[in-house]
Amino acid sequence: MAKRPEAITRKLLRMILEASRDMYPNEFGAFLRAEEGVLVELVMIPGTVMGRRHAIFQTWLLPPNMNVVGTVHSRPSGNFHPSDEDRNLFSNFSGLHIITGYPYTEATWAAWTNKGEQVPLRVEP
């Protein structure tokens with residue numbers, strides 16, 4: 001298994017925060033792709049359902065060999081700590097998971113392991 005990413009590009013973080021703001025009051029959800037330990041891209045898959053309290057992924061539609069290493073979703077409530085449902089998703093999809101919280105700024109997001117433990121994620125220029 002690939003090493004868990006330790007960084008995210010500022011461009012990708014800003015894209016995630018903007019997508020979260022654009023989807024408000026609904027949740028935004030996507031998958032994360034990494035290169036050499038750095039998160040670099042969102043992977044959007046068809047059929048993702050985004051509502052006020054959920055983002056439902058059709059994981060069987062993920063393209064193969066995309067270096068997908070985790071997920072990202074937003075929280076309109078502002079709480080960016082994982083719920084029981086998040087922990088279930090995390091446990092079924094190893095890697096790194098990002099949750100953003102309203103108002104979707106660089107101070108209202110966090111990264112989590114597949115066990116639901118918060119981990120630092122460096123932001124690269």
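Two residues are taken to be in contact when heavy atoms of each lie within 4.5 Å. On this basis, and leaving aside neighbours within four places in sequence, I8 in the predicted model is in contact with L13, I16, V38, L39, I98, W109, L121, R122, V123 and E124. I8 is also listed among the residues with the most contacts inside the largest nonpolar core, a set of 21 residues in which L32, L39, L42, V72, I98 and L121 are named alongside I8. At least two residues of this core are supplied by each of α1 (10–23), β2, β3, β6, β7 (96–101) and β8 (109–113), and the largest share, five residues, comes from α1.

The chain as a whole contains two helices and ten strands, which follow one another along the sequence in the pattern β-α-β-β-β-β-β-α-β-β-β-β. Of the 125 residues in the chain, 48% are buried, and the accessible surface comes to about 6,900 Å², with 51% of that area belonging to carbon and sulfur atoms. Where contacts between residues at least 6 apart in sequence are considered, 59% of them join residues at least 24 apart.

Strand pairing is described here for two parts of the chain. In one of them, strand β1 (residues 7–9) runs parallel to strand β3 (residues 38–43) and is joined to β3 by two bridges, with A7 standing opposite V38. Strand β2 (residues 29–35), by contrast, runs antiparallel to β3 and is joined to β3 by five bridges; in this pairing R33 stands opposite E41. The strands β2 and β3 form a hairpin with two residues between them, and the turn includes E36, whose phi is positive at about 50 degrees.

In the other part, β7 and β8 pair in the antiparallel sense over five bridges, and I99 stands opposite A110 of β8. Strand β8 is also joined by two bridges to strand β9 (residues 118–119), again with an antiparallel course, and the bridge partner of A111 in β9 is V119. A hairpin is formed by β8 and β9 with four residues between them, and in its turn G116 has a positive phi of about 80 degrees. Strand β8 itself is mostly covered, since five of its five residues are buried: W109, A111 and T113 point one way from the strand, whereas A110 and W112 point the other way, and all are buried.

Several backbone features merit separate description. Most residues other than glycine have a negative phi, and most peptide bonds are trans. A cis peptide bond nevertheless joins Y24 and P25, with omega at about 15 degrees, and P25 is placed in the loop between α1 and β2. The peptide bond from Y102 to P103 is likewise cis, with omega near 15 degrees, and P103 is placed in the loop between β7 and β8.

Positive phi values in residues other than glycine are found at E36, near 50 degrees, and at Y104, near 60 degrees. E36 is in the loop between β2 and β3, and Y104 lies in the loop between β7 and β8. The surroundings of these residues can be stated in terms of relative accessibility: E36 counts as exposed because its value of 84% is above the 50% cut-off, whereas Y104 counts as buried because its relative accessible area of 1% is under the 20% cut-off.

The loop residue Y104 is also among the contacts of R75, a residue placed in strand β6 (residues 68–75). Leaving aside neighbours within four places in sequence, R75 is in contact with E27, F80, H81, P82, S83, D86, I99, T100, G101, Y102 and Y104. This list includes Y102, whose peptide bond to P103 is cis, and I99, which stands opposite A110 in β8. At 9% relative accessibility, R75 counts as buried, because this value is under the 20% cut-off.

Conventions. Residues numbered from 1 in each chain as written. Predicted model: local features only at pLDDT ≥ 70, side-chain atom pairs only at ≥ 80, totals over all residues. Heavy atoms only, no water. Buried < 20%, exposed > 50% of the residue type's maximum accessible area, 1.4 Å probe, protein only. Pairing = 2+ DSSP bridges. Core = buried A, V, L, I, M, F, W, Y, C linked by side-chain atoms within 4.5 Å. Areas by Shrake-Rupley, 256 points an atom, 1.4 Å probe, with all protein chains shown as cover.
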